[in-house]
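Take a moment with the chain before reading on. Follow the backbone with your eye, then come back to the text.

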Amino acid sequence: QVQLVESGGGLVQPGGSLRLSCAASGGIRSIFGMGWYRQGPGKQRELVATISSVGSTNYADSVKGRFTISRDNAKNTVYLQMNSLKPEDTAVYYCNADVRTEQWYRLDFWGQGTQVTVSS
């Protein structure tokens, strides 16, 4: 059973930084793309950043130049370094992974979410 476990959320002041981590485990043959999404209060879930298996990245315009996505394929882990945080970055952040399972299915998995609050 594939699981994605996120960590690193919390409360930070505007202008501060946080680093989110998401580790995938259980029944994984390989992982294609990985990414981070977020859902702010009263908003729909939106893409933050994605990274392919070979390291190609894509960012939402709202986070370009402030956030950096990276991954460690040996650890099946994706990271999101968030700098210069703004109150509008406040949201629950979700990790996503496109996985080839040991049973050869290709499936999309989500983490449980981690809260990021930017406030003074």
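How many residues lie between β7 and β8 in their hairpin? There are four. One residue in that turn, N76, has a positive phi of about 50°. Keep in mind that this is a predicted model.

Now look at the two strands themselves. β7 and β8 run antiparallel. Six bridges join them. To find your place across the pair, start from S70: Y79 in β8 stands opposite S70.

Next, walk along β7, which covers residues 67–72. Its side chains alternate between two faces. F67, I69 and R71 point to one face, and these three are buried. T68, S70 and D72 point to the other face and are not buried. Buried here means under 20% relative accessible area.

Back to phi. Most residues other than glycine have a negative phi. N76 in the hairpin turn has a positive one. Where else should you look? Move past β8, which spans 77–82, into the loop that leads to β9 at 91–101. S84 sits in this loop. S84 is not a glycine, yet its phi is positive, about 50°. Its relative accessible area is 41%, so S84 counts as partly exposed.

Go on to the loop between β9 and β10, where β10 covers 106–110. Here you meet W104. W104 is not a glycine either, and its phi is positive at about 75°. Is W104 buried or exposed? W104 counts as exposed because its relative accessibility is 56%, and the cut-off for exposed is over 50%.

Terms used
Residues are numbered from 1 along each chain as its sequence is written. This is a predicted model: local features need pLDDT of at least 70, side-chain atom pairs count only at pLDDT 80 or more; totals for chains, interfaces and linings use all residues. Side-chain values use heavy atoms; hydrogens and water are left out. Buried means under 20% relative accessible area, exposed over 50%, partly exposed in between (1.4 Å probe, protein chains only). Two strands pair if DSSP finds at least two bridges between them.
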